[in-house]
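Colleague: Please pick one part of this model and take me through it slowly, residue by residue. Start at the surface if you like, then settle where the rings are.

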Amino acid sequence: GVQNLVKEGKPKKRIHFVGHVMIDNLLYQKRLLAKMDPSVFPAHELKERYRTYAFLTLHRPSNVDDRRTFSEIAEALKVIGRKRPVFFPVHPRTTKMMKQHKIKLSESVILLPPLGFQESLFLWKDAQVVLTDSGGLQEETTALRIPCVTIRENTERPVTVKIGTNVLAGTKKDRIVAAYDKSIAKAKSAKIPAKWDGNAAERIWKVLIKGRRI
């Protein structure tokens with residue numbers, strides 16, 4: 001981001017590398033969860049029953065609107081489901097397209113209703129791997145060093161692939177399954193990007209205060 005701003009002609013003295021405010025919220029919510037009674041979440045019993053599991057989100061039109069693509073992903077989930085169950089909170093759009101395309105997922109893919117942020121975090125923070133086409137989860141899993149498989153052909157979050165836990169899988173069955181194995185191995189040596197420490201908002205505030213004084 002800094003390099004792009006410099007290329008656009010922005011003065012370096014006006015560029016401030018502060019971190020990532022979304023990670024601030026993630027770490028804050030994680031601290032709140034640690035103080036909560038987990039039984040408040042309907043998914044608590046499910047998590048107690050399955051000690052190891054994968055977590056899936058899938059909603060992008062490029063993945064669920066095309067029947068052939070969705071079928072490839074479903075076949076990959078069947079293979080992954082033989083290794084461990086997959087918790088899948090289903091987006092309304094995805095539910096609609098599953099019915100329209102007559103996509104039937106493996107019994108090891110456990111369908112859940114859409115979840116709020118905290119309950120979703122409650123599940124995926126302890127998952128052995130997260131499979132997703134979400135931009136935010138690519139970053140959040142990297143921040144918590146959770147293995148991540150991105151079911152897309154590209155990503156706007158290259159740092160999560162370059163140094164984080166994320167593996168870009170594409171949408172073909174064999175590539176998704178291979179990325180699943182690779183992501184688990186990759187997480188052991190993955191790094192958290194600079195200043196993803198939960199203090200970005202404070203750094204932004206300091207920059208704004210300093211600018212106001214000038």
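**From the patch to the rings**

Modeller: Helix H11 (residues 200-213) supplies the largest share of the nonpolar patch, three residues. Bear in mind that this is a predicted model. The patch on the surface consists of Val21, Ile204, Trp205 and Leu208, and together they have about 410 Å² of accessible area. Val21 sits in helix H2 (residues 21-35), and it counts as partly exposed because its relative accessibility is 47%.

Now for the rings. There are three aromatic pairs in the structure. In one of them, Tyr50 meets Phe87 edge-to-face, with the centres 6.0 Å apart and 70 degrees between the planes. Tyr50 belongs to the loop between helix H3 (44-49) and strand E1 (54-56), while Phe87 belongs to strand E2 (residues 86-89), so this pair ties together parts that are 37 residues apart in sequence. Tyr50 is partly exposed, at 28% relative accessible area, whereas Phe87 is buried at 0%.

Phe87 also pairs with Tyr53, and here the rings are stacked: 4.3 Å centre to centre, 15 degrees between the planes. Tyr53 lies in the loop between H3 and E1, so its pairing with Phe87 in E2 links parts 34 residues apart in sequence. Tyr53 and Phe87 are both buried. Put the pieces together and you get one aromatic cluster of Tyr50, Tyr53 and Phe87.

One more ring to look at: Phe122 has the charged end of Lys47 sitting over it, 4.0 Å from the ring centre.

Methods
Residues are numbered from 1 along each chain as its sequence is written. This is a predicted model: local features need pLDDT of at least 70, side-chain atom pairs count only at pLDDT 80 or more; totals for chains, interfaces and linings use all residues. Side-chain values use heavy atoms; hydrogens and water are left out. Patches are made of residues with over 30% relative accessible area and no salt bridge: like charges are joined within 9 Å, nonpolar side chains (Val, Leu, Ile, Met, Phe, Trp, Tyr) within 5 Å. Accessible areas come from the Shrake-Rupley method with a 1.4 Å probe; for residues, only the protein chains shown count as cover. A salt bridge is a side-chain nitrogen of Lys or Arg within 4 Å of a carboxyl oxygen of Asp or Glu. Helices (H or I, at least four residues) and strands (E, at least two) are DSSP runs, numbered from the N terminus. Buried means under 20% relative accessible area, exposed over 50%, partly exposed in between (1.4 Å probe, protein chains only). Rings of Phe, Tyr and Trp (its six-membered ring) pair if their centres lie within 6.5 Å; planes under 30 degrees apart count as stacked, over 60 as edge-to-face and the rest as tilted. A charge sits over a ring if NZ of Lys or CZ of Arg is within 6 Å of the ring centre and within 35 degrees of the ring normal.
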